Amino acid sequence: MTDTAPRPPITVLLATPRGFCAGVDRAIQIVERAIEKYGAPVYVRHEIVHNRHVVDRLKRLGAVFVEELDECPADRPVVFSAHGVPKAVPAEAQARRMLYLDATCPLVSKVHVEAQRHHDAGREILLIGHAGHPEVVGTMGQLPAGAVALIETVADAKAFQPRDPANVAFITQTTLSVDDTADIVDALRARFPAIAAPYKDDICYATTNRQEAVKTVAARSDVLLVLGSANSSNSVRLAEVGRRAGARAYLIDDAQGLDLAWLAGAATVGVTAGASAPEVLVQGVIERLAETFLVSVEEIDAVREMVSFKLPRVLTQA
């Protein structure tokens, strides 16, 4: 007989909500249904959402991912990613008489509308966000060059010199850290008391809900595992929020990215997933943990999300 060492116990705290938000779910469905309706290939400008597993699965179905529209043939459908695109992109598609489907998240489109409203009112616009992120590129691309100034940090907010301090407005990227953004907004309001703000917070409900859930879970966890890709803004922010709440937080693509050495001495592990990460990745981590530990799972409820967004009519018509 061989002795089998007992598996040490570990508690997994699952954050709720986690994983796909309504905008991500809609964007993925748009690509899937376009392939069903028009056949493969269907082209997608930029990653539809920032998750390697999602992108790879859609590639297997017949999606072809490109960075720019000039890589797409004019006779095949093209989908614009959930992050939004500059106005020049659909204008080019129209000029080429392409069939295009816009998968921009409606909450990102809301920010685009706000930007246009402020521009029409003659305000100088400050966009709180991260340089180079596709959502930021798309939002700034709604207006003429120079109409929007990017603010990334509190230092940027303190250094910015407006043309007219009494006539400025701010908008934000939807996937930012709620706490970081609040600090930047406070700095702007301290300098510009009359600054025009969004009617409703630009940081989307899903980002806010997931960050609040992580705070609750991280406060009870020795280690926090965040499922998501490194280029996913909302996933990176979840790991940052977890660290601030006191947990050792790690961002991993999937179960293969888990280093069991991280769990040395840990009794409780929090697990969550970014808004673009599928639930199958969470279950994969739990299965990996169960190979080494005696796992008990506790789901921590924060907010139950009931939001859904309609698909483009062309994909729902017979």
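Cys 204 is buried in this predicted model, its relative accessible area being 11%. The cysteine sulfur closest to that of Cys 204 belongs to Cys 21, and because the distance is 5.8 Å, the two are too far apart for a bond. Seen from the other partner, the sulfur of Cys 21 likewise has its closest cysteine sulfur in Cys 204, at 5.8 Å, and Cys 21 also counts as buried, with 11% relative accessibility. A disulfide would need the two sulfur atoms to lie within 2.5 Å, and the structure as a whole holds zero disulfides.

## Salt bridges

How many salt bridges are there in the structure? The count comes to 16 salt bridges, and the table sets out three of these pairs with their closest distances.

| Pair | Closest N and O atoms |
|---|---|
| Glu 32 and Arg 57 | 2.5 Å |
| Glu 68 and Arg 45 | 3.2 Å |
| Arg 163 and Glu 124 | 3.6 Å |

In the salt bridge between Glu 32 and Arg 57, the closest N and O atoms are 2.5 Å apart. This pair links distant parts of the chain, since Glu 32 belongs to helix α1 (residues 22–38) and Arg 57 to helix α2 (residues 52–61), with their positions 25 residues apart in sequence. Glu 32 is partly exposed, with a relative accessible area of 23%, and Arg 57 is also classed as partly exposed, at 33% relative accessibility.

The salt bridge between Glu 68 and Arg 45 has its closest N and O atoms 3.2 Å apart. Glu 68 lies in the loop between β3 and β4, whereas Arg 45 lies in strand β2 (residues 42–45), so this salt bridge ties together parts of the chain that are 23 residues apart in sequence. Its two members fall into separate accessibility classes: Glu 68 is partly exposed, at 40% relative accessibility, while Arg 45 is buried, with a relative accessible area of 12%.

For Arg 163 and Glu 124, the closest N and O atoms of the salt bridge are 3.6 Å apart. Here too distant parts of the chain are linked, with Arg 163 in the loop between α6 (154–159) and β8 (168–172), Glu 124 in strand β6 (residues 124–128), and 39 residues separating them. Is Arg 163 buried or exposed? At 66% relative accessibility, Arg 163 counts as exposed, whereas its partner Glu 124 is buried, with a relative accessible area of 10%.

Beyond these pairs, Arg 18, Glu 279 and Glu 299 are linked to one another in a network of salt bridges.

## A negative surface patch

Which residues form the negative surface patch? Glu 67, Asp 70, Glu 71 and Glu 92 make up this patch. One of its members, Asp 70, is placed in the loop between β3 (63–66) and β4 (78–80), which is also the loop that holds Glu 68 of the salt bridge with Arg 45. Asp 70 counts as exposed, with 62% relative accessibility.

## Backbone features

Most residues other than glycine have a negative phi, and most peptide bonds are trans. Against that background, four places in the backbone deserve a look when the model is inspected.

The peptide bond joining Thr 16 and Pro 17 is cis, with omega at about 5°, and Pro 17 is placed in the loop between β1 (9–16) and α1. A cis peptide bond also runs from Ala 40 to Pro 41, where omega is near 0°, and Pro 41 is found in the loop between α1 and β2.

Where does His 46 lie? His 46 is placed in the loop between β2 and α2, and although it is not a glycine, it has a positive phi of about 70°. His 46 counts as buried, at 17% relative accessibility. Arg 97, which is not a glycine either, has a positive phi of about 55°, and its place is in the loop between α3 (88–95) and β5 (100–102). In contrast to the buried His 46, Arg 97 counts as exposed, with 77% relative accessibility.

Definitions and conventions. Residues are numbered from 1 along each chain as its sequence is written. This is a predicted model: local features need pLDDT of at least 70, side-chain atom pairs count only at pLDDT 80 or more; totals for chains, interfaces and linings use all residues. Side-chain values use heavy atoms; hydrogens and water are left out. Patches are made of residues with over 30% relative accessible area and no salt bridge: like charges are joined within 9 Å, nonpolar side chains (Val, Leu, Ile, Met, Phe, Trp, Tyr) within 5 Å. Accessible areas come from the Shrake-Rupley method with a 1.4 Å probe; for residues, only the protein chains shown count as cover. A salt bridge is a side-chain nitrogen of Lys or Arg within 4 Å of a carboxyl oxygen of Asp or Glu. Lys and Arg count as positive and Asp and Glu as negative; His and the chain ends are not counted. The place of a charge is taken as NZ of Lys, CZ of Arg, CG of Asp or CD of Glu. Helices (H or I, at least four residues) and strands (E, at least two) are DSSP runs, numbered from the N terminus. Buried means under 20% relative accessible area, exposed over 50%, partly exposed in between (1.4 Å probe, protein chains only).
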